[in-house]
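This report describes one structure for a reader who has not met it before. The sequence and the model come first, and the text then goes through selected parts.

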Amino acid sequence: MALMHPRVVHNYIKNGFYPTDDESLLRLGRMVNSRSEGSVHLLDPCCGEGVALQHLTGVLERDGRKVESYGIEIDEERAWQAKTRVSVCLHADLQDTLVSPRSFSLLFLNPPYGDRTSDHHNKDIRKNEASRLEEYFLNRCQSLLMYGGVLIYVVPHYSLKSKTICNLIAKSYQKVGIFRLPEQQFKQVVVVGYRSRPGTICKEVQKQLLKVGENIVNADELPEQPEYFYEVPTVTSNSKKFMKLTLDQHQLIEQIDAHKGLWRQFDMLYRPVVKSEFRPLCRLSKWHLAISLAAGEINGLVCKSTGEKLLIKGDTFKVSKERVTSSVDEETGKQTTTRVLTDQFVPVIRAIDLTENSDTYGEILTIK
C-alpha cells in the first residue's frame, strides 16, 4: 500500500488534489476489462499528474485494445506532467473546455472535494441547495460518458449524503457497486457502474448510497480479486471535440510548434479563384453601374486600344439631397416650411494612371 509523506499530503490537500493511492488503482484496474474489437477512449477531467489514466490505459492495452486517454487538469505543473503520461491533456478549467457528449468509454472521476465558492455557481445547480464540487463534476461530466460506458467515481464517503448525487447515480447507472478504498487517509469510497439512459430512480441503490454517506453502514473494501468485471465498451466514432476555449502562452506555443500555423494548408486555403468573365450584352445603365460598383465587381487593370492603362477601383457612396417647400395658411397667415431629405447612391470610379509618358502618370483620377 502506497504511503505519502505528511508534508506532501498537506500540499495536495491545500491545492484541492486528493490523488488515488497506488493500491486502490491496482485493484480498480482488475475490475475493468475490454474484450470487444475496436478502440476505447478514457477520460479523467481532474487527471492530476495522469497516473490513474496511465495505469488504466496499461490494463486495457494488455487486453489487446487500442486505448486513447484524455485528461483535463487546472494546475499548470501537474498538467504538464500529465502530458507525458496520457494521449491528450488540456491545462484548463473544466468550464473552459469544449468536449463532445457521449464520446468516452470510461470516465474516471476523482474530483476536488469541498463546497463550491459563490463565483462558481451557475444555472445548472439549483440555487437553494448548498452545492459541492463532487456534485458539480458528476453532474457536468456524466453527459460525456457514452451509454453503456463505465463510471469510476472516487469521493469521500460523506459526499454521498448529497441527495442530488445519490439521485443522479440511482437514476442514470446500472449494476452499481460501492466500495471502500483500502487507503482511508481521505475516507474515500468508489462508486462503479454502467451509464444507462435516465429512468426512474432505483430506490435500493439510492438507500444504499445514502447509508454509506451517513456512515450508517460501512461499504465493503475494494476487493483484491473482484467477483465481477466491468466491460469497457468500444467507441462508435473516433471524431470528437476535445479542446480548450482559451489558450495560455505555453499552450499557444505548443500548438504553433505542432501545426506550424496555416502554412501547410496555404495553397489549399489561399489558392487563386478562377473567375469566368462575360461581356455585357448591352451598355450598362446607371442603375447597373451602381449595382456593379456596390458589389465591388468593377476593379482591376484596364487597357485601352490607344495604349492607356488605368488601375481602377469602383465604389458607391450615399448622399442626401434636401428639398425645401414653404406654404402660407391664408386664414391664419401661418407659414409652414417642409424639408424632405432624399437619399441617393452615387457611383464613383477612381483610377491610378499607369500609362507611361503620360502627363498624369501615377496620379489618382476620378471617372464620372
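## Salt bridges

Both E73 and R78 are buried. The two residues form a salt bridge, with 3.2 Å between the closest N and O atoms. The model is a predicted one, and it holds ten salt bridges.

Side chains of opposite charge can pair when their charged atoms come close. The table lists three of these pairs.

| Salt bridge | N to O distance |
|---|---|
| E221 and R27 | 2.9 Å |
| E73 and R78 | 3.2 Å |
| R132 and E134 | 2.7 Å |

Which parts of the chain does the pair of E221 and R27 tie together? E221 lies in the loop between helix 7 (203-213) and strand 10 (230-231), while R27 lies in helix 2 (residues 22-31), so the salt bridge connects parts that are 194 residues apart in sequence. E221 has a relative accessibility of 36% and counts as partly exposed. R27 has a relative accessible area of 5% and is buried. E221 and R27 also belong to a network of salt bridges, in which they are linked with E23, R180 and E224.

The pair of R132 and E134 likewise joins a partly exposed residue to a buried one. R132 has a relative accessibility of 22%, which makes it partly exposed. For E134 the relative accessible area is 0%, and this residue is buried.

## Helix 5 and helix 6

E134 is also one of the buried residues of helix 5. Helix 5 spans residues 133-141 and is mostly covered, with seven of its nine residues buried. The buried residues are L133, E134, E135, Y136, F137, L138 and C141. They pack against strand 6 (104-109), strand 7, helix 6 and strand 8.

Two packed helices are described by the angle between their axes and the distance between the axes. For helix 5 and helix 6 (residues 163-172), the axes come within 9 Å and cross at roughly 25 degrees. Angles under 35 degrees count as roughly parallel, and helix 5 and helix 6 are therefore roughly parallel to each other. Their crossing is left-handed. On the helix 5 side, the residues that meet helix 6 are E134, E135, L138 and N139. On the helix 6 side, they are T164, I165, L168 and I169.

## Strand 9 and its partners

Strand 9 (residues 188-195) has eight of its eight residues buried, so this strand is largely enclosed by the rest of the structure. Strands of a sheet pair through backbone hydrogen bonds, either parallel or antiparallel.

In which sense does strand 9 pair with strand 7? Strand 7 (residues 145-156) and strand 9 are antiparallel and are joined by seven bridges. In this pairing, V150 has Y194 of strand 9 as its bridge partner. Strand 8 (residues 173-180) also pairs with strand 9 in the antiparallel sense, over six bridges. Here the bridge partner of Y173 is R195 in strand 9.

## The sheet of strands 12 to 15

Another part of the model is an open sheet of four strands. Their order is 12-13-14-15, and the pairing is antiparallel. Strand 12 (299-303) and strand 15 (364-367) are the edge strands, each pairing on one side only. From one strand to the next, the twist averages 45 degrees.

Strand 12 and strand 13 (residues 309-328) run antiparallel and are joined by five bridges. In this pairing, V302 stands opposite L310 of strand 13. Helix 10 (residues 286-294) packs on the sheet, where it touches strand 13 and strand 14 (335-353). The direction of helix 10 makes about 65 degrees with that of strand 14.

F345 has its place in strand 14. Is F345 buried or exposed? With a relative accessible area of 59%, F345 is exposed. Leaving aside residues up to four places away in sequence, F345 touches T316, F317 and K318. The C-alpha atoms of F345 and S320 are 8.7 Å apart in space, and the two residues are 25 residues apart in sequence.

How values were computed: Residues numbered from 1 in each chain as written. Predicted model: local features only at pLDDT ≥ 70, side-chain atom pairs only at ≥ 80, totals over all residues. Heavy atoms only, no water. Salt bridge = Lys/Arg side-chain N within 4 Å of Asp/Glu carboxyl O. Helix = DSSP H or I, 4+ residues; strand = E, 2+ residues; numbered from the N terminus. Buried < 20%, exposed > 50% of the residue type's maximum accessible area, 1.4 Å probe, protein only. Pairing = 2+ DSSP bridges. Axes fitted to C-alpha atoms, helices over the stretch in contact; angles between N-to-C directions. Contact = heavy atoms within 4.5 Å. Parallel < 35°, antiparallel > 145°, perpendicular 65-115°, else oblique. Left-handed = near helix turned anticlockwise from the far one by under 90°.
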